[in-house]
Amino acid sequence: MELSLRQKAAVLVVLLGKDYSPKIYKYLSEDEIELLTLSITSLDRIDNDLSGEVLEEFYEMALAQKYVTEGGMDYARDVLVAAMGQDKADGLLGRLTSALQVRPFDFIRRADPLQVCTFIQNEHPQTIALVLSYLDTGRSSMILGSLPQELQANVIKRIARMGVVSPDYIREAERVLEHKFSTVGITANVTVDGIDTIVEILNSLDRGTENFILDSIEQEDPELAEEIHNKLFVFEDLSKLPNQSVQAVLKEVDNDVLTIALMGANETLKQKIFSNISKRLVETIEDNMKFMGPVRVRDVEAAQQKIVNVARRLEDSGAIELTRGGADDDYITT
């Protein structure tokens, strides 16, 4: 059975499972996510031989990419020829080169849509239609909506009637537009929210590493540390949640994990948690803490991180709303 590249990608995502597949989706555009998801839903039974072939090809492609990154195409070719022979190495590098080819008008895809609109509206409607047909739907819609109204209908009709376009025409249009972009100073900007990026990274780290990074930032820039902490939910922030949310979190936490986590908790947080569990469980936890003896800091931090992960997961599902470090919201309880 000969699979297309899209079908192979779908098989690979299925084989990776629910723990790793979401990590791949984070790096895809909306259009790519839609196409990949459709391919997955249309898959038939995946037998062992097919699974093995897809995984082997993925591994070989990843290995070839690693060699190209380390020493360039010639270095990669020498290593792969030595490892698997001339024919297989050539075929692998050919597939890799094809997969790495940049889509047409990539420089526009990475530019600010408003800048693109200001520039491109002076081009021929057929050229505008060609460019928009290669962009993702969100960016195309934004640019199209910003064009003069009398131009919009013309461009839409040309997109609808586009049909097959000569690769030579595409390359020439791309070359001319890229040159014009560079002469007027339009650059391919990437907007990154640095604070949100840091928070996303910290959320995926263990508690000890998270604390170390925050402490280091606080020494260098206290205001930045406070801004990050305001967006970051940590174990101590459980004390700021309404009782209903605390109960929802504790419902999914093992009692042994809760006991160890509370070994490093302040009195305010302990009382908050104790007020949301049964008296019998409070007595059990307090007795266990008395007789448990010394507990390693990293074990306490790991237990606290497990509880934080539960809270963040519940927030992602919409079950609760978390209050970050700097927030001090009031709640009315019934």
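How do the axes of helix H16 (residues 255-262) and helix H19 (residues 297-316) cross, and within what distance do they come? That pair is taken up in point 2, after a look at the whole chain.

1. Overall picture. Keep in mind that this is a predicted model. The chain has 19 helices and zero strands, so the notes below are about helices, by the DSSP runs used to assign them. Of the 334 residues, 34% are buried. Among contacts with a separation of 6 or more, 75% are between residues 24 or more positions apart.

2. H16 against H19. To pick up the opening question: the two axes come within 8 Å and cross at roughly 120°. That angle makes H16 oblique to H19, because the roughly perpendicular class runs from 65 to 115 degrees. The crossing of H16 past H19 is left-handed. On the H16 side the contact is made by Val257, Leu258, Ile260 and Ala261. H19 brings Asp299, Val300, Ala303, Gln304, Lys306 and Ile307 to it. Sorted by class, that gives seven nonpolar residues, one polar and two charged.

3. Thr259, also in H16. Thr259 sits in helix H16. Is Thr259 buried or exposed? Its relative accessibility is 3%, so Thr259 counts as buried, the cut-off being under 20%. What does Thr259 touch, once neighbours within four places in sequence are set aside? The partners are Ile285, Asn288, Met289 and Met292.

4. Asp299 and its salt bridge. Asp299 is worth a second look, as one of the H19 residues in the contact with H16. Asp299 also forms a salt bridge with Arg296, and the closest N and O atoms of that pair are 2.8 Å apart. Both ends are partly exposed: Asp299 has a relative accessibility of 27%, and Arg296 has 47%.

5. Leu314, further along H19. Leu314 belongs to helix H19. With 6% relative accessibility, Leu314 counts as buried. Leaving out neighbours within four places in sequence, the contacts of Leu314 are Ala248, Val249, Glu252, Ala319 and Ile320. Take Glu252 from that list: Glu252 and Leu314 are 62 residues apart along the chain, yet their C-alpha atoms are separated by 9.9 Å.

6. Lys88 and two glutamates. The structure holds seven salt bridges, and two of the ones I looked at share Lys88. Glu56 pairs with Lys88, with 3.9 Å between the closest N and O atoms. This bridge links distant parts of the chain, from Glu56 in helix H4 (residues 48-84) to Lys88 in helix H5 (residues 86-100), 32 residues apart. If you check one distance by eye, make it this one: the pair counts as a salt bridge because 3.9 Å is within the 4 Å cut-off. Lys88 also bridges to Glu60, where the closest N and O atoms are 2.9 Å apart. Here too the link runs between H5 and H4, and Lys88 and Glu60 are 28 residues apart.

7. How accessible that trio is. Glu56 is partly exposed, at 43% relative accessible area. Lys88 is partly exposed as well, at 39%. Glu60, by contrast, is buried, with a relative accessible area of 10%. Through their shared partner, Glu56, Glu60 and Lys88 are joined into one network of salt bridges.

8. H7 against H9. One more helix pair to look at. Helix H7 (residues 113-120) and helix H9 (residues 137-146) pack at about 50°, and their axes are 9 Å apart. H7 is therefore oblique to H9. This crossing is right-handed, whereas H16 passes H19 in a left-handed one. Which residues make the contact between H7 and H9? From H7 they are Pro113, Leu114, Val116, Cys117 and Ile120, and from H9 they are Arg139, Met142, Ile143 and Ser146. By class, the contact of H7 with H9 has seven nonpolar residues, one polar and one charged.

Terms used: Residues are numbered from 1 along each chain as its sequence is written. This is a predicted model: local features need pLDDT of at least 70, side-chain atom pairs count only at pLDDT 80 or more; totals for chains, interfaces and linings use all residues. Side-chain values use heavy atoms; hydrogens and water are left out. A salt bridge is a side-chain nitrogen of Lys or Arg within 4 Å of a carboxyl oxygen of Asp or Glu. Helices (H or I, at least four residues) and strands (E, at least two) are DSSP runs, numbered from the N terminus. Buried means under 20% relative accessible area, exposed over 50%, partly exposed in between (1.4 Å probe, protein chains only). Axes are lines fitted to C-alpha atoms, for helices over the stretch in contact, and angles run from 0 to 180 degrees between N-to-C directions. Angles under 35 degrees count as roughly parallel, over 145 as roughly antiparallel, 65 to 115 as roughly perpendicular and the rest as oblique. A crossing is left-handed if the near helix is turned anticlockwise from the far one by less than a right angle, and right-handed if clockwise. Contact means heavy atoms within 4.5 Å. Ala, Val, Leu, Ile, Met, Phe, Trp, Tyr, Cys and Pro count as nonpolar, Asp, Glu, Lys and Arg as charged, and the others, Gly among them, as polar.
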